[in-house]
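Trainee: Before we begin, could you take me through the reasoning behind the labels, one label at a time?
Mentor: Gladly; let us look at the structure together and set each label against its definition.

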Amino acid sequence: MDEQVQLAIYGINKTVKTERPGILGVGAIADIENTVIITDKRILFIAVPVYGEGMSLGGQDISGWQSILNKKGIENKGLDMIKSMTPQQILKSNSANFEIPFEYIKEVKFGWFGTVKIIDIEGRKYQYTLRKEDRNKLKLALQNYLPDKIK
């Protein structure tokens, strides 16, 4: 059976990002994922392409602002990707994209202020902020696959 997308949440924002210095106030952001996709096998963190992707300007994360102010644009492009590509093709569409298979997840913690922290079996932590309604959808979807790992 082919892998199936169960849920996609657009406009996520990593809480701590890695900024690479640039020239004349223009730098780069390494953590540009703006979408989380839940399939029946894994979690995908995806950078749906947007204007200013990976840029910082005067210390401001342009990708992060896109996640906040352009959620609908990210969603429209993301829906197009999901309709026309397999999850594996989406994963490979940007070198910033990455996956965490369910069997590599140790724990998922949901915070009060729209945060979610995923800890893998090697102790790496991935923390994002989401809108409250999106956080609730994510929690519900993950309970189907990781019921004993949700905190």
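**Labels and their reasons**

Mentor: Keep in mind that this is a predicted model. We can begin with aspartate 120, which has a relative accessible area of 3% and is buried.

Trainee: Why is aspartate 120 called buried?

Mentor: Buried means under 20% relative accessible area, and aspartate 120 has 3%, so the label follows.

Trainee: What makes the contact between arginine 124 and aspartate 120 a salt bridge?

Mentor: The cut-off is a side-chain nitrogen of Lys or Arg within 4 Å of a carboxyl oxygen of Asp or Glu; for arginine 124 and aspartate 120 the N to O value is 2.7 Å, so the pair qualifies. Arginine 124 also meets glutamate 122 in a salt bridge, at 3.0 Å from N to O.

Trainee: Are arginine 124 and glutamate 122 buried, partly exposed or exposed?

Mentor: Exposed means over 50%, and partly exposed lies between that and the buried limit. Glutamate 122, with a relative accessible area of 58%, is therefore exposed, whereas arginine 124, with 44%, is partly exposed.

Trainee: How many salt bridges does the structure hold, and which residues are joined into one network?

Mentor: The structure holds 5 salt bridges, and those that share partners join Glu3, Arg42 and Glu99 into one network. Glutamate 99 and arginine 42 form one of the salt bridges, their closest N and O atoms being 2.5 Å apart. This pair links distant parts of the chain, since glutamate 99 is in strand β9 and arginine 42 in strand β6, 57 residues apart. Glutamate 99 is partly exposed at 35%, while arginine 42 is buried at 7%.

Trainee: Why is the aromatic pair of phenylalanine 45 and tyrosine 128 called stacked?

Mentor: Two cut-offs matter here: ring centres within 6.5 Å make a pair, and planes under 30 degrees apart count as stacked. For phenylalanine 45 and tyrosine 128 the values are 4.9 Å centre to centre and 10° between the planes, so both conditions are met. Phenylalanine 45 lies in strand β6 and tyrosine 128 in strand β12, so the pair ties together parts that are 83 residues apart in sequence. Phenylalanine 45, at 2% relative accessibility, is buried, and tyrosine 128 is buried at 1%.

Trainee: What makes phenylalanine 102 and tyrosine 145 a stacked pair?

Mentor: Their ring centres are 5.0 Å apart and their planes stand at 15°, so this pair is stacked by those cut-offs. Phenylalanine 102 lies in the loop between β9 and β10, and tyrosine 145 in helix α4, so the pair ties together parts that are 43 residues apart in sequence.

Trainee: Which strands form the open sheet, and why is one side of β2 and of β10 left without a neighbour?

Mentor: The order is β2-β12-β11-β10, with antiparallel pairing. Both β2 and β10 stand at the edges with a single partner strand each, so one side of each has no neighbour in the sheet.

Trainee: How do you know that β2 and β12 pair?

Mentor: Pairing needs at least two bridges between the strands, and β2 and β12 pair over 2 bridges, so the requirement is met. Lysine 14 stands opposite tyrosine 128 in β12. Helix α4 packs on this sheet, where it touches β10 and β11.

Technical notes. Residues numbered from 1 in each chain as written. Predicted model: local features only at pLDDT ≥ 70, side-chain atom pairs only at ≥ 80, totals over all residues. Heavy atoms only, no water. Helix = DSSP H or I, 4+ residues; strand = E, 2+ residues; numbered from the N terminus. Contact = heavy atoms within 4.5 Å. Axes fitted to C-alpha atoms, helices over the stretch in contact; angles between N-to-C directions. Buried < 20%, exposed > 50% of the residue type's maximum accessible area, 1.4 Å probe, protein only. Phe/Tyr/Trp six-rings, centres within 6.5 Å; stacked < 30°, edge-to-face > 60°.
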